[in-house]
Amino acid sequence: MAIVKEPKGVDFVVKSEPWTDKELKEFRKMMEKQKSELGEKKRSKIKENYNKVTRQSV
């Protein structure tokens, strides 16, 4: 992995604020909805591809 220089006017440092309970609840609800819309076949394909990628990086 190489070192990446920051271009002028760009700051790669990100200060993130902790999520509130309300924001976290909304995010989890959205993720659950997206997961249910994917369907089992697509989720299994994603999992298969993920496993291939993670095995290669070891």
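I began with the surface: the protein exposes about 6,500 Å², and carbon and sulfur atoms supply 57% of that area. I kept in mind that this is a predicted model.

Next I looked up burial. Buried residues come to 0% of the 58 residues in the protein.

I then turned to overall form. I noted a radius of gyration of 18 Å for the protein, where a compact globule of 58 residues would have one near 10 Å. For the extent, I read off the C-alpha trace, which spans about 45 × 40 × 20 Å along the principal axes of the protein.

For secondary structure I entered two helices and zero strands.

I went on to charge. I recorded 16 positive and 10 negative side chains in the protein. The centres of these two sets lie 7 Å apart.

My last search was for aromatic pairs. Going through the whole structure, I found one. The ring centres of Trp 19 and Phe 27 are 5.0 Å apart and the planes stand at 85°, so I wrote the pair down as edge-to-face. The cut-off behind that entry is an angle over 60 degrees between the planes.

How exposed are the two partners? I looked up each one in turn. Trp 19 has 49% relative accessibility and therefore counts as partly exposed. Exposed would require over 50%. Phe 27 has 33% relative accessibility, so I entered Phe 27 as partly exposed too. Buried would require under 20%.

Definitions and conventions
Residues numbered from 1 in each chain as written. Predicted model: local features only at pLDDT ≥ 70, side-chain atom pairs only at ≥ 80, totals over all residues. Heavy atoms only, no water. Phe/Tyr/Trp six-rings, centres within 6.5 Å; stacked < 30°, edge-to-face > 60°. Buried < 20%, exposed > 50% of the residue type's maximum accessible area, 1.4 Å probe, protein only. Helix = DSSP H or I, 4+ residues; strand = E, 2+ residues; numbered from the N terminus. Rg over C-alpha atoms; globule rule 2.2 N^0.38 Å. Areas by Shrake-Rupley, 256 points an atom, 1.4 Å probe, with all protein chains shown as cover. Lys, Arg positive; Asp, Glu negative; His and termini not counted. Charge placed at Lys NZ, Arg CZ, Asp CG, Glu CD.
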